[in-house]
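Q: I've got a structure open and I'd like to learn how to read its cross-links and charged pairs. Can we go through them together?

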Amino acid sequence: MRPYIWLAVAACGTAARVAPPSETGAPTGRLADGSSVTLALAGDRVGGVSPAGSNASAWLWPPIVDSHVHLAYWPVGEQLAASGVGVAIDLAAPERTLGSREPLDVIEAGPMLTRPNGYPLDSWGSDGFGIGCADEACVKSTIDRLVAAGARVIKLAGDDDGLAPALIPAAVAAAHAHRLKVAIHALSNASALAAARAGVDVLAHTPVEPLDDATVQAWKGRAVISTLAAFGGSASAVQNLAKLRAAGATVLYGTDLGNTRDAGPSADEVKLLRDAGLDDSAICDAMTTAPLAFWGIAAGPSVGREATFTVLDGDPRRDASVLLHPRAIYVRGKRLR
């Protein structure tokens with residue numbers, strides 16, 4: 001995964017305030033420690049960071065991370081990049097599609113593991129978006145093969161039409177042996193609880209069935225990808241996300257793009273995150289800093305890193321909607337807008 005240059009060190013509350021970049025690409029602004037710098041761009045990299053003096057109105061921010069997309073199902077990577085989504089986590093695509101999808105940086109799962117003829121092979125994903133396994137040998141060999149082909153996260157299908165519950169621990173063990181995180185499609189309370197007990201790292205969706213206290217507590221210290229709009233913003237899902245967050249789960253913004261059709265940051269998802277109790281700073285964190293940290297994307301205003309960032313008209317900690325309408329977008333040193 002390529003590292004990024006960004007000026008939010010650990011959370012949205014520690015961002016840098018910057019001047020609008022020139023067309024030649026030399027953004028100037030304040031870092032979290034109060035110092036003012038100018039970033040010199042050299043091709044697709046940050047060529048230098050030098051002291052400067054400026055009190056400007058714009059803000060430099062890391063790119064949005066959509067933690068749940070299906071780009072093989074709806075190939076709109078260029079539109080995403082031009083809207084400020086710089087990183088995408090592709091949580092199911094045919095094995096033949098594994099590989100870079102420029103201009104985005106994509107962490108790919110390849111097909112999700114399911115039971116023979118199970119979800120999504122029995123519905124939208126019939127063309128290779130899943131691989132059916134009936135025993136541990138199939139699970140392990142499939143994960144080994146996907147990793148060799150370039151997968152950087154493993155996706156499991158849960159619930160009654162997904163991978164047999166007895167095989168989930170084996171899948172987690174095989175993925176963790178490769179130091180990869182495991183995401184699961186688990187919309188029911190029972191599946192979400194079983195996944196947590198098996199060591200799954202992240203819920204690919206906020207479950208839609210009401211979660212009991214034991215399930216909510218089981219996800220403490222793990223993560224959940226929102227995808228609230230993908231299921232109509234149901235009251236139970238919104239409440240589940242609020243409860244998971246209150247219990248200590250990390251919330252990651254995700255849209256289920258492909259099954260949803262908004263080729264850019266989703267205003268509907270942002271509204272539903274707010275309905276779940278996230279304020280502007282927390283929404284900003286869920287869209288940028290939290291997923292960067294969760295997915296292990298390097299950060300910091302260091303010479304030599306790729307220059308991918310957005311320039312915003314306001315502070316997204318105070319008004320997260322500015323993330324939806326960036327003033328300028330740089331991807332690997334190139335200004336897209």
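A: Sure. Let's start with a term: a residue is called buried when its relative accessible area is under 20%, and exposed when that is over 50%. Keep in mind that this is a predicted model.

Q: How many disulfides does a search of the whole structure find?

A: The general idea is to look for two cysteine sulfur atoms within 2.5 Å. Here the search turns up 1 disulfide. Cys133 and Cys138 are the partners, with an S to S distance of 2.1 Å.

Q: Is Cys133 buried or exposed?

A: Cys133 has a relative accessible area of 2%, so it is buried.

Q: And which hand does the disulfide of Cys133 and Cys138 have?

A: Check the torsion about the S-S bond: it is about -65°, so this disulfide is left-handed.

Q: On to charges. What does the salt bridge of Arg145 tie together?

A: For a salt bridge, look for a Lys or Arg side-chain nitrogen within 4 Å of an Asp or Glu carboxyl oxygen. The count here is 10. In one of them, Arg145 meets Glu95 at 2.8 Å, N to O. Arg145 sits in helix α2 and Glu95 in the loop between β7 and β8, so the pair links parts 50 residues apart in sequence.

Q: Where do Asp144 and Lys140 lie?

A: Both are in helix α2, 4 residues apart, or about one turn of the helix. Their closest N and O atoms are 3.0 Å apart.

Q: Which residues join Asp315 in a network?

A: Asp315 pairs with Arg317 at 2.7 Å. Through shared salt-bridge partners, Asp315, Arg317 and Arg318 form one network. Asp315 is buried at 8%, while Arg317 is partly exposed at 24%.

Conventions
Residues numbered from 1 in each chain as written. Predicted model: local features only at pLDDT ≥ 70, side-chain atom pairs only at ≥ 80, totals over all residues. Heavy atoms only, no water. Buried < 20%, exposed > 50% of the residue type's maximum accessible area, 1.4 Å probe, protein only. Helix = DSSP H or I, 4+ residues; strand = E, 2+ residues; numbered from the N terminus.
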